[in-house]
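Me: Please take a close look at one part of this model for me: a buried loop residue and what surrounds it. I would like the account in connected form.

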Amino acid sequence: AFGFDVQRWRADFPILQQTVHGKPLVYLDNAATSQKPHSVIDCERRYYSELNANIHRSVHELGERATAAFEGARMKVRRFINAGDNREIVFVRGTTEAINLVAQSYGRNLFQVGDEILLTEMEHHSNIVPWQLLREQTGAVLRVAPINDAGELMLDEFEKCLNPRTKLVAVAHVSNALGSVNPIHRIIELAHAMGAVVLVDGAQAVPHMAVNVQDLDCDFYAFSGHKLYGPTGIGVLYGKAELLDAMPPYQGGGDMISQVTFKQTLYNVLPYKFEAGTSNIAGVIGLGTALDYVQALGLDSIAAHEHDLLAYATRLAHDVPGMRLIGTAQDKAGILSFTLDGVHPHDIGTILDREGVAIRAGHHCAMPVMEHFQIAATARASFALYNTRDEIDALFAGIDKVIDMFGRQQRGAA
Ligand code: PMP
């Protein structure tokens, strides 16, 4: 309907052209990690077969080339999120490391007893635990803004949690357990009005929508490459230059210094101050290639396609007896979390796997969300640019099988 030829893009993903348990693979676990296009796989292979050398301060040709490719990827990331300056792009292992970096470098040095950190009830554990560690170190206080039964942040309650003691707000752009898209613009406005800085956990947002950090005016933005069709083990922390500049290093080692004596060490300039040791060079360059790929399709086209899949799946879900959607927010991105009456989500996942359908079952590293809905786990199907309506049909055919099997079991037991 919008000129998005999914079969054409799908052909770029070699892993999808296989069968599992004799059935075509239907990969619907994209929120955990997405598959990689040929271009990214080739880029990794080419890096190690043609380019591999350590970067920065190299006096030989390979080192120069590797450095150019590495710094070129930094530029691609800057453009991808529309940051104003390459110095604001710090390469880390992933979202988790980015958040820990901010907690330890920004928070640990600035926060005092009674200072408040405001989170939401829908955060991933990686946007909860680093702040709890910081609480133990500094005596800071954690506050949690609640969600409603649709899985939406209650903005009025969020606003009530803000006060002059709020030093930092750490919030997911998109919830990985519910799919809810947070009103991030408004959240940032409200937090800034109270003088708090804002860290956005963008792990589940960047694969599904165009992100513009200058337009958002967020202070920190974190994401992972592997959910964005890029390699594992590489991610990005964006931070405003003036904030990063004032922060002490997170780790010490090579590349993050400008001068070392046993008496005193001078730190390197941004962003190298935060990139101690040899980076995941292949990962960085591969991430750059993944961004090229996504931008060639266009995030708006991807978003439209995924919205169509989600709307289709949601319609089908309403006709399935005993199926309960967890997360029915107005604004959702690419995630269908659900339960089936009388069936444990792990059984749903196992039976679907026999049909070639890969989903995730569990608490999705968001146990407070499970607690809110008073469930232990959900089954979660999550969509990517290469998924099709036929695959949604396969998911629901599998769900019918699950219901059939458990219905029969219950009738047998009665
Ligand atoms: N935040 C959210 C919302 C996530 O979905 C994830 C990954 N499941 C993370 C943080 C952590 O990302 P990573 O494991 O790549 O560091």
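Reply: What follows starts at one loop residue, moves to a sheet, and ends with two further spots. The model is predicted.

Start with Asn-176. Asn-176 sits in the loop that links strand 7 (166-172) to helix 7 (184-193). Is Asn-176 buried or exposed? Its relative accessible area is 6%. The cut-off for buried is under 20%, so Asn-176 counts as buried.

Now its partners. The side chain of Asn-176 reaches the backbone oxygen of His-364, at a distance of 2.8 Å. Beyond its neighbours within four places in sequence, Asn-176 contacts His-124, Gln-204, Ile-335, His-364, Ala-366 and Arg-380.

Two of these partners lead to a sheet. Ile-335 belongs to strand 14 (residues 335-340), and Arg-380 falls in strand 17 (residues 378-382). Four bridges join strand 14 to strand 17, and the two run antiparallel. Ile-335 itself stands opposite Ser-382 of strand 17.

Step back to the whole sheet. The sheet is open and has four strands, ordered 13-14-17-16, with antiparallel pairing. Strand 13 (323-325) and strand 16 (360-362) are the edges; each pairs on one side only. On average, neighbouring strands here are turned by 30° against each other, direction ignored.

Next, a second loop residue, Leu-162. Leu-162 lies between helix 6 (155-161) and strand 7. Strand 7 also borders the loop of Asn-176. Leu-162 is buried too, because its relative accessibility is 7%, and the limit is under 20%. Not counting residues up to four places away in sequence, Leu-162 touches Leu-118, Val-169, Leu-190, Ala-191 and Met-194. Of these, Val-169 falls within strand 7, and Leu-190 and Ala-191 within helix 7. Leu-162 and Ala-196 are 34 residues apart in sequence, yet 8.7 Å apart in space, C-alpha to C-alpha.

Last, a helix pair. Two packed helices are described by the angle between their axes and the distance between the axes. For helix 2 (residues 38-51) and helix 10 (residues 281-297), the axes come within 9 Å and cross at roughly 145°. The crossing is right-handed. Helix 2 contributes Ser-39, Val-40, Cys-43, Glu-44, Tyr-47, Tyr-48 and Leu-51 to the contact. Helix 10 meets them with Ile-281, Ala-282, Gly-283, Ile-285, Gly-286, Thr-289, Ala-290 and Tyr-293. By class, that contact holds ten nonpolar, four polar and one charged residues.

Definitions and conventions:
Residues are numbered from 1 along each chain as its sequence is written. This is a predicted model: local features need pLDDT of at least 70, side-chain atom pairs count only at pLDDT 80 or more; totals for chains, interfaces and linings use all residues. Side-chain values use heavy atoms; hydrogens and water are left out. Two strands pair if DSSP finds at least two bridges between them. Axes are lines fitted to C-alpha atoms, for helices over the stretch in contact, and angles run from 0 to 180 degrees between N-to-C directions. A crossing is left-handed if the near helix is turned anticlockwise from the far one by less than a right angle, and right-handed if clockwise. Contact means heavy atoms within 4.5 Å. Ala, Val, Leu, Ile, Met, Phe, Trp, Tyr, Cys and Pro count as nonpolar, Asp, Glu, Lys and Arg as charged, and the others, Gly among them, as polar. Buried means under 20% relative accessible area, exposed over 50%, partly exposed in between (1.4 Å probe, protein chains only). A polar contact is a pair of N or O atoms within 3.5 Å; within protein, one must be able to donate a hydrogen and the other to accept it, and residues adjacent in sequence count only if both atoms are side-chain atoms.
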